[in-house]
Amino acid sequence: MRLTSFLLLVATLQVSASSSAQTVTYSAKAVSLKKVLHAIKEQTGYVFFYDKEDLKNSKPVSVDLKNASPQAAMEMVLLQQPLSFEIQGNTIFITKSEKPIDIMPVSPPPVIITGIITDDTGAPIPGASVVIKGTRKGTISGPDGTFQLKEVAENAVLIISSLGYITQEIPIASRKQFNISLAPDVSALKQFVVVGYGIQKKANLTGAVTSITSEQLTNRPVTSVSNALQGTMPGVTVTANISGQPGSDAARIRIRGIGTMNNADPIIVIDGVITNLNNLNNINPDDIATLSVLKDAASSSIYGSRAANGVVLITTKQGTKGTPQVTYNAYVGKQKATGLPDFLPSWQAADLYNKALVNEGKPVRWTDAEVQKFKDGSDPYKYPNTDWLDLFYQGIGLQQNHYVGVSGGSDKTQYAFSLGLFDENGIIKETNAKRYTSRLNITSEVTDRVKVNANIAFTNTNKREPSNPYTGDFTQLVRQVNRISPTIPYKYENGYYGYIADGSPMAWLEGNSQNKFNNYDLIGNVGADWEIVNGLHFKPSLSYVMKISHNKKFIADQQYYDANGKPTFYQGPNSVTDENTFGNTVTQQALLDYTKSFNKHNFKILGGYSQELTKYTFDDGYRKGFLNNLLTDVNLASTDGQKTSGYSYELALRSYFGRLNYDYDGKYLFEANLRYDGSSRFASDHRWGAFPSFSAGWNIDRENFFGSLKKYVSYLKLRGSWGQLGNQIVVGPDDVNYPSFPYYPYVLQVNGSQNYTFGGTGATIAPGISAINGANPDLRWESTTETSVGLDAGFLDGKINFTADYFRKVTSDILLPVEVGAPYGLKPSVQNAGAMLNKGWEFSLSYNDTKGDFKYDAAINASFINNKITDRHGAGAKIDGYTFQQVGYPVYSLYGYEADGIFQSADEVKKFPFQTNRTSAGDIRYKDKDGNDTINTADKVYIGNYFPKVTFGINLGGAWKNFDIAIFSAGSYRCKNLYRRG
């Protein structure tokens with residue numbers, strides 16, 4: 001049972017059925033440790049990861065294991081060894097133990113002890129290890145969690161451990177009966193971090209990599225994974241979408257600032273498959289096992305041309321050996337509109353409107369008697385007090401999520417299968433979003449040296465929204481309902497809608513105008529892992545990503561009438577637009593990695609090749625003039641005025657990459673990466689780009705001189721990195737009308753519908769094609785160079801953890817269309833014509849502790865980021881609506897007039913610099929920045945930036961037995977939003 005506080009209260013039902021994991025049965029006397037490990041590997045399929053040098057000083061092993069869990073077996077095997085271990089997934093990592101082996105003193109007369117071991121829910125834990133500290137003597141708990149030990153000294157100490165639980169040490173103290181409850185242990189999972197094409201021990205990381213647990217995702221009842229990341233990691237800025245509409249509320253993710261004037265989205269890698277931000281939001285959070293973010297160039301450069309804006313790595317849950325485990329999670333929540341504007345009642349709106357007319361020298365609109373009717377409600381049809389927002393926000397706002405997962409398998413093959421449903425009804429009627437998810441992961445051991453795996457995920461997302469015949473979109477309804485006067489009736493007495501010049505938002509909402517968006521996403525991946533010789537692995541894989549979309553936009557026509565029932569104006573005709581897209585990406589990949597250690601030197605080398613081909617097609621059809629608003633299929637409308645359009649493109653990328661990891665005795669760390677990418681977006685002479693990186697780290701706490709500080713400082717590491725990343729994404733001069741241009745920017749492309757007139761007075765129109773956009777065969781890769789330094793520290797045996805990073809990221813040769821003069825005759829070509837700088841600090845601090853059955857934790861993180869454009873290829877400011885781009889200012893800076901008060905009189909208006917012919921008392925007065933006695937565009941100035949310079953997150957949690965609570969808060973500082981009027 002879980003209680004979660006996250007801005008709204010959501011009830012969560014969690015039901016699970018579990019069974020014991022695979023077991024080990026093995027008996028031997030005085031055999032080598034390697035032989036015992038091999039026996040465990042044969043029985044469990046677990047893979048061992050260790051330095052051979054660490055096993056040189058191992059002692060002969062004598063054990064008698066019967067139906068022991070892997071955790072218990074390893075506890076018994078390594079009991080008298082100078083080694084420690086951790087289990088991550090199906091891999092057991094063995095390292096040198098940092099603590100000496102305790103030897104028990106001579107004990108008093110022995111006794112017989114019995115007990116039962118349970119989890120925090122009271123369920124028995126079979127296969128748990130019960131060992132007498134300082135000896136090889138121990139036992140395993142049975143299927144019912146019970147155990148018995150004979151001839152135990154009264155002053156002995158029991159060590160109780162089991163995979164996934166916190167190990168306990170319990171003094172015997174003359175007791176003979178024990179009821180032992182083990183708490184879940186998530187800290188062990190934090191010791192290894194997913195990185196590009198592999199995993200690394202957190203202690204050996206030299207780059208800036210941040211990760212969060214799956215619990216941090218699943219305990220937040222949000223609509224998408226991107227929203228769940230908000231406030232969890234420093235340097236990862238998650239800003240909410242401008243819309244809270246179901247299906248359109250996915251967040252925007254920026255890693256270490258806005259790194260380009262192109263698309264600044266990070267790439268998403270799901271189980272090794274490279275994809276985009278849309279697929280991140282298609283994942284069910286319950287399917288995620290680990291999520292890591294590669295923030296700096298050193299950790300990201302292995303992905304080369306994709307990684308200039310950071311990388312989000314996700315691995316999904318895999319199957320486990322044993323009988324099937326079933327998990328069901330669900331939550332239901334209710335949403336409600338808050339913070340709505342408090343509009344004036346109709347009588348005050350009418351009174352103020354009259355006064356405004358008088359101030360302009362015009363006659364009043366309503367008499368005093370009519371204003372009184374607005375006030376007393378005596379004639380609600382002619383003189384209403386319409387609460388438009390109350391009418392509009394009548395959606396049920398119900399949100400629910402359901403998840404079912406099944407996992408299990410044999411010694412050779414494991415599986416994990418899940419189904420999910422997310423359904424969100426908006427707070428406005430007819431707004432809804434649904435997401436159906438399914439996933440199947442399979443791993444199988446074909447031979448001792450060959451494993452195969454397959455992952456496939458299918459997602460269907462549907463979004464529905466009302467539309468209108470005025471602009472054809474949903475946002476106009478929201479705009480209209482906030483600007484229509486309360487003096488306008490919702491409906492007249494005759495049942496017809498009241499309206500203004502643009503129409504009625506309620507007529508649109510209650511009509512049949514609807515936009516429906518249906519998306520079908522498939523991500524599949526098959527691969528193998530062949531251990532050619534010890535330490536050398538060959539890993540080929542083939543992945544397929546497919547996206548199919550079908551969007552249908554039906555616009556119903558609307559006839560308006562006056563209060564007497566006479567037709568007034570008409571919005572129409574009714575029409576439908578059918579859009580269909582199909583895109584797929586096929587990726588072939590091969591990896592070769594080798595791990596070798598000798599003495600205290602540890603090496604790991606990775607080499608890889610990948611090639612991908614993307615194809616995309618789009619087509620749509622438009623017809624109008626249906627017989628009524630109930631017919632919506634395109635074939636039922638008139639062919640008169642019908643339109644069709646479409647386009648397609650292909651994109652290819654070939655890559656070679658490699659990585660070298662080295663460490664000496666775990667103290668001195670070094671990593672080097674190189675990626676060599678070739679993209680079809682560039683001409684052959686500039687097609688290839690090389691992206692290197694280097695990083696180093698020093699684990700100071702492992703130095704001999706640090707020993708006296710270990711009591712207070714658990715770990716201390718310094719790290720630094722330098723690297724380069726690439727970007728091939730192009731933004732064209734007009735991607736809406738010429739959507740295929742960004743994929744072939746180095747060649748002239750011809751476009752249809754370029755008609756020409758021949759023949760003077762008897763002119764005829766000849767259809768034709770021609771080039772529209774300029775081409776640039778000298779176009780080359782956009783590049784990002786980043787330098788980063790960091791500090792990681794832990795205190796009081798890991799209860800307090802602190803991380804600090806400083807980074808400086810320079811992006812140059814940004815791919816941009818540069819303004820050209822009219823004589824050029826074409827739209828501007830894309831050039832390497834810009835540069836920008838991002839620099840800043842990142843901090844995180846966390847604390848966790850346990851007091852009996854109560855566990856609690858707190859974490860805060862903060863980022864301070866400065867961004868500015870440093871070059872625009874000699875061009876001046878580029879103004880785009882309310883934003884501009886100019887050297888010395890942040891990208892997408894807000895642009896506008898600076899207010900200087902309010903005009904108090906007509907005389908003051910005359911004396912002040914000219915604004916408009918309509919300026920009068922009561923209007924805002926703006927500063928004349930250039931002193932030319934006229935307020936014009938030259939007086940507009942930088943008024944802020946929507947991207948926050950400071951972001952922070954606070955996460956608090958507590959748990960007591962079967963109850964837990966989580967509180968989350970995130971915020972930003974030094975950012976501005978733009979609110980447009982009208």
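**Exercise 1. Find which strands helix α2 lies across, and work out the sheet around them.**

Step 1. Start with the helix: α2 (residues 70–77) lies across β9 (129–132), β10 and β12, where contact means heavy atoms within 4.5 Å. Its angle to β9 is about 20 degrees; axes are lines fitted to C-alpha atoms, for helices over the stretch in contact, and angles run from 0 to 180 degrees between N-to-C directions. Helices (H or I, at least four residues) and strands (E, at least two) are DSSP runs, numbered from the N terminus.

Before going on, keep in mind that this is a predicted model, where local features need pLDDT of at least 70, side-chain atom pairs count only at pLDDT 80 or more, and totals for chains, interfaces and linings use all residues. Residues are numbered from 1 along each chain as its sequence is written, and side-chain values use heavy atoms, with hydrogens and water left out.

Step 2. Now lay out the sheet: it's open, has 4 strands in the order β10-β9-β12-β13, and the pairing is antiparallel. Two strands pair if DSSP finds at least two bridges between them.

Step 3. Check the edges. β10 (138–140) and β13 (168–171) each have a single partner strand, so one side of each is left without a neighbour in the sheet. On average, neighbouring strands here are turned by 20 degrees against each other, direction ignored.

Step 4. Zoom in on one pairing: β12 (residues 157–161) and β13 are joined antiparallel over 4 bridges, and Val157 has Pro171 in β13 as its bridge partner.

**Exercise 2. Trace the pairing from β48 through β55 to β56, then locate the nonpolar patch.**

Step 1. β48 (residues 854–871) runs antiparallel to β55, with 11 bridges joining them. Asp857 stands opposite Gly957 in β55.

Step 2. Carry on from Gly957: its bridge partner in β56 is Ala966. β55 and β56 also run antiparallel, joined by 11 bridges.

Step 3. Look at the connection. β55 and β56 make a hairpin with 2 residues between them, and Lys961 in the turn shows a positive phi of about 55 degrees.

Step 4. Now for the surface. Leu845, Ile860, Phe952, Ile954, Leu956, Ile965 and Ile967 make a nonpolar patch of about 540 Å². The elements giving two or more residues to the patch are β55 (950–960) and β56 (963–973), and β55 has the largest share, with 3 residues. Patches are made of residues with over 30% relative accessible area and no salt bridge, like charges being joined within 9 Å and nonpolar side chains (Val, Leu, Ile, Met, Phe, Trp, Tyr) within 5 Å. The areas come from the Shrake-Rupley method with a 1.4 Å probe; for residues, only the protein chains shown count as cover.

Step 5. Pick one member: Ile967 sits in strand β56. Its relative accessibility is 42%, so Ile967 counts as partly exposed; buried means under 20%, exposed over 50%, and partly exposed in between (1.4 Å probe, protein chains only).

**Exercise 3. Say which parts of the chain the salt bridges of Asp805 and Glu898 tie together.**

Step 1. Get the total: the whole structure holds 32 salt bridges, each a side-chain nitrogen of Lys or Arg within 4 Å of a carboxyl oxygen of Asp or Glu.

Step 2. Take Asp805: its side chain meets that of Arg719 in a salt bridge (2.7 Å, N to O). Asp805 is in strand β44 (residues 800–812) and Arg719 in strand β38 (residues 713–727), so the pair ties together parts 86 residues apart in sequence. Both Asp805 and Arg719 are buried.

Step 3. Turn to Glu898. Lys927 forms a salt bridge with Glu898, the closest N and O atoms being 3.1 Å apart. Lys927 is in the loop between β53 (924–926) and β54 (941–945), while Glu898 is in the loop between β51 (893–896) and β52 (899–902), 29 residues apart.

Step 4. Add Lys929: it forms a salt bridge with Glu898 too, with 3.3 Å between the closest N and O atoms. This pair ties together parts that are 31 residues apart in sequence, because Lys929 lies in the loop between β53 and β54 and Glu898 in the loop between β51 and β52.

Step 5. Read off the exposure. Glu898 is partly exposed at 28% relative accessible area, Lys927 is partly exposed at 30%, and Lys929 is partly exposed at 43%.
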